[in-house]
Structures are given as C-alpha cells and as structure tokens.
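Q: I have just opened this model and would like to understand how its labels are earned. Please take me through them one by one.

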Amino acid sequence: LLQLPVSIVFERFRAMPSFIFGLVVAAIGFGVIGLAATGAAILVILGIALFAVGEMITSPRIQEYITWIAPKEKAGLYMGSNFLGTMIGATLSGIYAPLYGYFERIGNPGGVWYVLAGHMVLAVLVFIAFVRLAGEFKVQSE
C-alpha cells in the first residue's frame, strides 16, 4: 500500500542519499524490534513498519543507481549483480541462529536485533565512504 507513495516522495532525491537514508530507517526498525523485548510488544509492529518503509526506500533506489552506473550494453549484468548481496546475506544468515541462542542464554533474546541494527549501521558507513571515494554517479556510455 505504501510502495507507490514512498517511491513518489523519494524519486525527488538523489539515489545514493535516499538509499543510505532507507538503510538508516531499516536499522532503526531493527532497534525498535529489539526494544520490544522489554515488554512493549506493540513495538514489534512499529519496528516492522519502519523496516518495511526503509526497504521501500532502498530497493528501487539501489536498482536505479546500478542502472545509472552500468554501461548500457551491460545493464542486465550489472542488475544481476545487485542480487549478489542477497546471496551473500542468505549464505551467512546461519550465524544469526547461534547468535540468537547466545542472547537467549544470557537472558536478552532481543539483543540479536541490535546486532542486525549494527550491521545496517555498518552498511550505512560503508556506503557513505563509497560515495565520498567514488563520488556521485555518472551515466556510463560504454
């Protein structure tokens, strides 16, 4: 229900700053879900909503950015590489189950959400560094 309105709002902004902002919103969503373990279960809904809005901001904008930087004859190849992160994430996702077990043993099962939020913050820092080092996008002609 919100994808179209969110996309309309964020199409007015440059792709990478929008993408980074979406990651921040998603990280806040993870943190809010972690706070739900304190007994305020309604925070789970707020956290999921924040994460979903963050995802609605990031997904189309990173795809747009990849399309912009790709040489026109290799746009499909570049778009396919967008899913390498998904593959890497799925492959490494098995670390979260034992991590959850650790947090559960120490009496803080919601702590795993803070780790997820931390990973998102790390991603934000990496993308900020990338933009500073690589500069803004330039449409590739070759």
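A: Let us begin with Thr58. Leaving out residues up to four places away in sequence, Thr58 touches Phe19, Gly22 and Leu23; touching, or contact, means heavy atoms within 4.5 Å. The model is predicted, so local features need pLDDT of at least 70 and side-chain atom pairs count only at pLDDT 80 or more, while totals for chains, interfaces and linings use all residues. Residues are numbered from 1 along each chain as its sequence is written, and side-chain values use heavy atoms, with hydrogens and water left out.

Q: Why is Thr58 called buried?
A: The relative accessibility of Thr58 is 6%. Buried means under 20% relative accessible area, exposed means over 50%, and partly exposed is in between (1.4 Å probe, protein chains only). Thr58 is under the first cut-off, so it counts as buried.

Q: What makes Arg61 count as buried, and which residues is it in contact with?
A: Arg61 has a relative accessible area of 4%, so it is on the buried side of the cut-off. Setting aside neighbours within four places in sequence, Arg61 is in contact with Phe10, Glu11, Phe13, Arg14, Ala15, Ser18, Phe19 and Trp68.

Q: Where do Thr58 and Arg61 sit?
A: Thr58 lies in helix 3, and Arg61 has its place there too, in residues 42-69. A helix is a DSSP run of H or I with at least four residues, a strand is a run of E with at least two, and both are numbered from the N terminus. By that rule the protein has seven helices and zero strands, and the pattern along the sequence reads α-α-α-α-α-α-α.

Q: How do you know whether Ile42 is buried or exposed?
A: Compare its value with the cut-offs: Ile42, also a helix 3 residue, has a relative accessible area of 59%, so it is exposed. The C-alpha atoms of Ile42 and Val124 are 27 Å apart, with their places 82 residues apart along the chain.

Q: Why is Val44 called partly exposed?
A: Val44, in helix 3, has 32% relative accessibility, which is in between the two cut-offs, so partly exposed is the right label. Not counting residues up to four places away in sequence, Val44 touches Ile33 and Ala36. From Val44 to Gly34, ten residues apart in sequence, the C-alpha distance is 8.1 Å.

Q: What share of the residues in the protein is buried?
A: Buried residues make up 29% of the 142 in the protein. Among contacts with a separation of 6 or more, residues 24 or more positions apart account for 67%.

Q: What makes the largest pocket a pocket, and what volume does it have?
A: On a 1 Å grid over the protein atoms alone, a pocket is an open set of points with protein on both sides within 12 Å along at least five of seven lines, whereas a cavity is a set where a 1.4 Å probe fits but cannot get out. The volume is the space filled by probe spheres set on the points, which are joined across faces, edges and corners; for the largest pocket that is about 1100 Å³.

Q: Which residues lie nearest the centre of the largest pocket?
A: They are Phe19, Leu23, Gly85, Thr86 and Gly89, from a lining of 32 residues, where lining means having an atom within 4 Å of a point. Two or more lining residues come from each of helix 2 (15-35), helix 3, helix 4 (75-81), helix 5 (84-92) and helix 7 (111-134). Helix 3 gives the largest share, nine residues.
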